[in-house]
Amino acid sequence: MTLGDDIPLARRTMPRPRRQASLPRRLAQVLLSGALLAGAAVLLLVGPLRNLITPVPVPGLAARLGADGRLLGHFPYPEARPEDLVAIAPGLLLRPEAARSLEAMRAAAEADGIALTVLSAYRGVELQKQLFFDVKAERNQTSADRARVSAPPGFSEHSTGYAVDLGDGRLPASNLMESFESTDAYRWLDRHAARFHFVRSFPKGNRQGVIYEPWHWRFEGSTEALEMFEPAQRLAR
């Protein structure tokens, strides 16, 4: 008989008892587990809590900002100060750098036999509020439907003083219509506007979810304008 035969199988295969962790170590493990659970709970609740404690960005509009800062598809934009604007025609204002470039573009178009008409330029937040809410009510539109054709106040490119709505002076029936894309004025803009630092804001299928607006162009010919519209450019890439 060997020494191993003298030890029952159950005794030979029994694992060695584990040493119990000390009380301080067990307490630390409990505290760590609790902290991890609490952190997970905070992550789950932070979105709903933020919605509860953060006021809606536009009073009267029950919509919240998306993760990228957009509201119903539109990015937020600062309102240009009156002293930062110049008149390009009665009732039409723009930032000086945008105004100079626009006038140069219109002169170049005129030399090619094209009549570019400025339909709208700077619009303050108060006017944008009327265009959004009053027309929304008149047309019985939902907020999402209205946002497809008009930005909420504080979220319009026009409020920056860098955006314009353009038309064909020889075909006024196409003003602010998709049919503007069939005019000589639009075809000229499509070929030449980039030379004057104007780009289409809402082309077909744009990722902001705004309707196709061939008449709406924004100026990106200054550092301030580039920085202001960079989020929209990044989304469009």
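## The nonpolar core

In this predicted model, Leu189 touches Met105, Leu116, Leu166, Phe180 and Trp217, leaving out residues up to four places away in sequence. Leu189 belongs to the largest nonpolar core, a set of 34 residues. Leu102, Met105, Val164 and Phe198 join Leu189 as the residues with the most contacts inside this core. In soluble globular proteins, nonpolar side chains tend to be buried together.

Several elements contribute at least two residues each to the largest core. Among the helices these are α3 (96-111), α6 (184-192) and α7 (223-236); among the strands they are β2 (92-94), β3 (116-120), β4 (163-168) and β6 (216-219). A second core, separate from the largest, has seven residues, including Ala63, Leu71, Phe132 and Ala147.

## Overall organisation

The protein chain contains seven helices and six strands. In sequence order, these elements give the pattern α-α-β-β-α-β-α-α-β-α-β-β-α.

Of the chain's 237 residues, 36% count as buried. The exposed surface of the protein chain comes to about 14,600 Å², and carbon and sulfur atoms supply 58% of that area. Among contacts between residues at least 6 apart in sequence, 63% join residues at least 24 apart.

## The largest pocket

Rolling a probe the size of a water molecule over the atoms shows where empty space is left. The largest pocket holds about 480 Å³ of space. Its lining is made up of 27 residues, and those closest to the centre of the pocket are Arg123, Val149, Ser150, Asp165 and Glu213.

Which elements each supply at least two residues of this lining? They are β3 and α4 (125-138). Helix α4 gives the largest share, three residues. By residue class, the lining of the largest pocket consists of 13 nonpolar, eight polar and six charged residues.

## The second largest pocket

The second largest pocket has a volume of about 150 Å³. Residues that line this pocket include Val199, Arg200, Ser201 and Pro203, together with Asn206, Arg207, Gln208 and Arg218. Ala232, Gln233, Leu235 and Ala236 also belong to the lining.

Two or more residues of this lining come from β5 (198-200) and from α7. The largest share, four residues, is that of α7, a helix that also supplies at least two residues of the largest core. The lining of the second largest pocket divides into five nonpolar, four polar and three charged residues.

## Ser101 and its contacts

Ser101 is placed in helix α3. Is Ser101 buried or exposed? Ser101 counts as buried because its relative accessible area is 10%, under the 20% cut-off. Apart from neighbours within four places in sequence, Ser101 is in contact with Phe196, His197, Phe198 and Phe219. Of these partners, Phe198 is also among the residues with the most contacts inside the largest core.

## Residues with positive phi

Most residues other than glycine have a negative phi. His197, one of the contacts of Ser101, has a positive phi of about 70° although it is not a glycine. His197 is found in the loop between α6 and β5 and is partly exposed, with a relative accessible area of 39%.

Leu176, likewise not a glycine, has a positive phi of about 60°. The loop between β4 and α6 contains Leu176. With a relative accessible area of 45%, Leu176 is partly exposed.

How values were computed
Residues are numbered from 1 along each chain as its sequence is written. This is a predicted model: local features need pLDDT of at least 70, side-chain atom pairs count only at pLDDT 80 or more; totals for chains, interfaces and linings use all residues. Side-chain values use heavy atoms; hydrogens and water are left out. A nonpolar core is a set of buried Ala, Val, Leu, Ile, Met, Phe, Trp, Tyr and Cys residues joined through side-chain atoms within 4.5 Å. Buried means under 20% relative accessible area, exposed over 50%, partly exposed in between (1.4 Å probe, protein chains only). Contact means heavy atoms within 4.5 Å. Accessible areas come from the Shrake-Rupley method with a 1.4 Å probe; for residues, only the protein chains shown count as cover. On a 1 Å grid over the protein atoms alone, a cavity is a set of points where a 1.4 Å probe fits but cannot get out, and a pocket is an open set with protein on both sides within 12 Å along at least five of seven lines; lining residues have an atom within 4 Å of a point. Grid points are joined across faces, edges and corners, and a volume is the space filled by probe spheres set on the points. Ala, Val, Leu, Ile, Met, Phe, Trp, Tyr, Cys and Pro count as nonpolar, Asp, Glu, Lys and Arg as charged, and the others, Gly among them, as polar.
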